[in-house]
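The following dialogue is a short tutorial on reading local features from a structural model. A learner puts the questions, and a teacher replies.

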Amino acid sequence: MSRTTAPAPVDRKDDTATPSHGLTHGLKQRHLSMIALGGVIGAGLFVGSGAGIAAAGPSIVVAYAISGLLVMLVMRMLGEMSAANPASGSFSVHAERAIGPWAGFTAGWSFWFLLCVAVGLEGIGAAKIMTGWFPGTAEWAWVALFMLVFCVTNLAAVKNFGEFEFWFAALKVGAIVLFLGIGVLAIVGVLPGTDAPGTANLTGDGGFFPHGSEGLIVGLLASVFAYGGLETVTIAAAESEHPVKGVAKAVRTAMWRIALFYIGSMAVIVTLVPWNDKAVAEQGPYVATLDHLGIPAAGHIMKVVVLIALLSAMNANIYGASRMATSLVARGQGPKALGQTSGGVPRPAVLVSSVFGFACVLLSYWRPDDIFIWLLNTIGAIILVVWFFIAVSQLLLRRRTEREAPEKLVVKMWAFPVLTWVALAGMAAIFFLMAREEGTRVQLYYTGGLTLVLAAIGYIRQKTAKAAPQDA
């Protein structure tokens, strides 16, 4: 099956058409807006950013700004394609249309694998918080409870997922806005009991680049993977009331969200707290900052926020994995039983995605030193592979859409094709930097291996499907 004869995407032709694969219009605009907002606020921001600060120092602000610009370009490209052709398979559908079925297969199943493993990791993180509050309880029992709750939630109507994610995202957004507000008051010196720090923490202890360019590179790599999660909104858009308007609005507000939540947070933290304070890495930068300001019960407050972030991510990733699997099956790229829907919900896909996530948790107990580490390394750079497929797909589809249906270009990539090529160059640079760093090199190899295996399977399937009619 060639690029030009690939099956038509399972998209909608207008903004009010019936969803594909038996899915429904269960998500409202408020759900989609909060999914988009919540997608950029995860445990990676609240906790994982501490490692980046320890490596880069105050220059972590630059690292998040650079990676943030790349993410904005990727989301703009994805927004252009998703607004033109909303589909629950999102970038997998776009890759199939632009490059060929093998590309859709590779992008889709690699992302499904990433989300399922991430569900397990987030469950483990949430369970560790609960066992800290309830000593003597088993981590696996908490993971099983969380998995059961969100599996049931996703097995019900999609609006239940939307409601859960709406309130989870609202709490996360509220927490980050409150943190930024307190931080700004402390920086200008009007927060009771604090003095304005000036630039002491930004220029002291080794300066703005305490570990030079190497530290900035480590911080850059850490920041890139903290942005994962934005893609879910384009998957959810296919089940919203007005998919074109919804995804267009979400993408257009991506810039200020990234600037405010990520770059703003890093600027507040490194201005208020010395970058080499051990508490930043051990307790997390947000807890360390609030403790430094003398905010009562800061540690407990942030643990609740982190728990909410983890549970929100579990909920969203089960949803995203099930919809991606359903889209792949509908395009003949997976077992048919997995794509069955009931009541507008792909229940087999939800169950399999949840079970796979729970299996990853069990592996963390049974084989922590080999199989589980292999899983972690394998998903290390998958998001970059997905971004690469997005950029190449947009580069190819933009010209085609301009010729065939220019009215569908509701969202347009800025300065096309220059910025698309800039984004591709940025991804290539990150792949190169990962190969240079010992800590990320193994992730690049494992992810590369998985990608090649999936691409080979997808290519063989594509050739087989193309040859079948000739043999009949």
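**Reading local features**

The side chain of Asn85 makes a polar contact with the side chain of Lys408, at 3.1 Å.

Q: Where does Asn85 lie, and is it buried or exposed?
A: A preliminary remark is that this is a predicted model. Asn85 is placed in the loop between α3 (60–84) and α4 (91–98). Its relative accessibility is 7%, so Asn85 counts as buried, the cut-off for that class being under 20%. The polar contact of Asn85 with Lys408 is thus to be read together with a buried position in a loop.

Q: Which residue of the loop between α3 and α4 has a positive phi although it is not a glycine?
A: One such residue is Ser90, with a phi of about 45°. Ser90 is found in the loop between α3 and α4, and because its relative accessibility is 0%, it counts as buried.

Q: What is the phi of Asp205, and is Asp205 buried or partly exposed?
A: Asp205, which is not a glycine either, has a positive phi of about 50°. It lies in the loop between α8 (200–203) and α9 (212–226). With a relative accessibility of 45%, Asp205 counts as partly exposed.

Q: How is a pair of aromatic rings described?
A: Two values are used: the distance of the centres and the angle of the planes. The structure holds 17 aromatic pairs. In one of them, the ring centres of Trp112 and Phe356 are 5.2 Å apart and the planes stand at 50°, so this pair is tilted. Tilted pairs are those that are neither under 30 degrees nor over 60.

Q: Which helices hold Trp112 and Phe356?
A: Trp112 lies in helix α5 (residues 101–133) and Phe356 in helix α16 (residues 347–366), so the pair ties together parts that are 244 residues apart in sequence. As for accessibility, Trp112 counts as buried at 10%, whereas Phe356, at 25%, counts as partly exposed.

Q: What kind of pair do Phe113 and Phe356 form?
A: Phe113 and Phe356 form an edge-to-face pair, with 5.8 Å from centre to centre and 65° between the planes. Phe113 belongs to helix α5 and Phe356 to helix α16, so this pair ties together parts that are 243 residues apart in sequence. At 11% relative accessibility, Phe113 counts as buried. Trp109, Trp112, Phe113 and Phe356 form one aromatic cluster.

Q: Why is helix α14 described as largely enclosed?
A: The reasoning rests on counting buried residues. Helix α14 (residues 285–292) has eight residues, and six of them are buried, so the helix is largely enclosed by the rest of the structure. The buried residues are Pro285, Tyr286, Val287, Ala288, Thr289 and Leu290.

Q: Which residue with a positive phi follows α14?
A: That residue is Gly294, whose phi is near 75°.

Q: Which residues does a cis peptide bond join, and what is its omega?
A: The omega angle is the value to read in such a case. A cis peptide bond joins Phe416 and Pro417, with omega about 0°. Pro417 is placed in the loop between α18 (382–404) and α19 (418–436).

Technical notes. Residues numbered from 1 in each chain as written. Predicted model: local features only at pLDDT ≥ 70, side-chain atom pairs only at ≥ 80, totals over all residues. Heavy atoms only, no water. Buried < 20%, exposed > 50% of the residue type's maximum accessible area, 1.4 Å probe, protein only. Helix = DSSP H or I, 4+ residues; strand = E, 2+ residues; numbered from the N terminus. Phe/Tyr/Trp six-rings, centres within 6.5 Å; stacked < 30°, edge-to-face > 60°. Polar contact = N/O pair within 3.5 Å; in protein donor to acceptor, adjacent residues only side chain to side chain.
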